[in-house]
Amino acid sequence: MTELLYFTIIGLCIGCGYALVALGISTLFNGTGVLNFAQGDIVMLAALFVAVRTTAGGGYLSGFLEAVAVVLVASVLLGLLFVRPAMARRRDIDLIIVGTIGVSTVLANLANNVLGSETYRLASPVTAQAVRLESFSISFDYFAILLAAGLLMAAFFVFYRKTDIGLQMRAMSADVDAARLSGVQVARLTVVGWVFAGIVGVFAGVLLGTVLLVSASMGVALTISGFAAAMIGGLRHPYGAVVGGVIIGLAENYAAGYLNTAARQAIAPLIIMAVLLVLPQGILAGRGVKARVV
């Protein structure tokens, strides 16, 4: 019973980290129609940057702020890279989605060459203390993920529901052509969507980096887990990312705890295939999902 409780707590906390990765994917998809296959590598870039800086003797806060700056610059450049040509040439969104796969490869190779191929574990920014659960020990870093994810989701809710930019992004989500005709600056908000996904990615990276091994190759696995989480909740429902992330986190930890690492690694791909076959719109989606041209 204690073992089950331990795996459940760990899975719940890591699942909240996956929910942040999924939130970045879902938000960008809602605002632009782009499925960003580079989101996991944006998370990786932030985590690896902070890990390298703190290992070299730098402070955690300064490393975090520098990672925010790096990811923000990268997000704006990516937004401009994809939006301007698409707006000018009416390029099909599918080509832009394929382009994000190229971005993923570039970011992974760039990180490997510039930041190195070593594997790190981010030092805890909270405390080295842990909660004892009989023979098990749970670091406070796991609970920090839970708390931070809750606060970010609340901030996202307010942004999406109460601000002009959030409301305009919701209008783009419902019908991008109607939003454009209503005066919504689609190109500008698309860049905002990339920036938002980048900011969420930074927080996901520094939080997950305290409980997962950090390296330049971790982006693909995070992208798969993030997509699985987003698809469970429904790509058009950012709040579904929470549900999906928790399900993925729990399933992976039960598989790792009661089976083996190979089973854990197979969970997210299997869930993606199952969702595509059984519930392609996700458990919270009520509307159809279709590709769009920005």
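Before I begin, a word on how residues are sorted here: Ala, Val, Leu, Ile, Met, Phe, Trp, Tyr, Cys and Pro count as nonpolar, Asp, Glu, Lys and Arg count as charged, and the others, Gly among them, count as polar. Please also keep in mind that what we are looking at is a predicted model.

Let me start with the second largest pocket, where that sorting gives 10 nonpolar residues, three polar ones and no charged ones in the lining. About 220 Å³ of space lies in this pocket, and of the 13 residues that line it, the closest to its centre are L35, F227, M231, L235 and L276. Helices α9 and α11 each supply at least two residues of this lining, and the largest share, four residues, comes from α9.

Now to the largest pocket, which holds about 560 Å³ of space. Its lining is made up of 23 residues, and those that lie nearest its centre are Y18, L212, A221, E252 and R264. If you want to find the walls of this pocket on the screen, look for α1 (2-32), α9 (219-233), α10 (240-258) and α11 (261-278), which are the elements that give two or more residues to the lining. Sorted by class, the lining of the largest pocket has 16 nonpolar, five polar and two charged residues.

Next come the cavities. How many cavities of 30 Å³ or more does a search of the whole structure find? The search finds one, and the volume of this largest cavity is about 30 Å³. The residues that line the cavity are I42, L45, V71, A74 and L107, and by class they are five nonpolar, with no polar and no charged residues. Both α2 (39-55) and α3 (60-89) supply at least two residues of that lining.

Let me turn to how two of the helices pack. In general, two packed helices are described by the angle between their axes and the distance between the axes. Here the axes of α5 (residues 140-162) and α8 (residues 186-208) come within 10 Å and cross at roughly 170°. An angle over 145 degrees counts as roughly antiparallel, and therefore α5 is roughly antiparallel to α8. On the α5 side the contact is made by A144, I145, A148, L152, F156 and F159, while on the α8 side it is made by F196, F203, L207 and L208. What classes do the residues of this contact divide into? They are 10 nonpolar, with no polar and no charged residues in the contact of α5 with α8.

I will finish with the aromatic rings, for which the count comes to eight aromatic pairs when rings are paired by having their centres within 6.5 Å. One aromatic cluster is formed by Y6, F7, F136 and Y258, and you may like to pick out those four residues on the structure yourselves.

Key:
Residues are numbered from 1 along each chain as its sequence is written. This is a predicted model: local features need pLDDT of at least 70, side-chain atom pairs count only at pLDDT 80 or more; totals for chains, interfaces and linings use all residues. Side-chain values use heavy atoms; hydrogens and water are left out. Axes are lines fitted to C-alpha atoms, for helices over the stretch in contact, and angles run from 0 to 180 degrees between N-to-C directions. Angles under 35 degrees count as roughly parallel, over 145 as roughly antiparallel, 65 to 115 as roughly perpendicular and the rest as oblique. Contact means heavy atoms within 4.5 Å. On a 1 Å grid over the protein atoms alone, a cavity is a set of points where a 1.4 Å probe fits but cannot get out, and a pocket is an open set with protein on both sides within 12 Å along at least five of seven lines; lining residues have an atom within 4 Å of a point. Grid points are joined across faces, edges and corners, and a volume is the space filled by probe spheres set on the points. Rings of Phe, Tyr and Trp (its six-membered ring) pair if their centres lie within 6.5 Å; planes under 30 degrees apart count as stacked, over 60 as edge-to-face and the rest as tilted.
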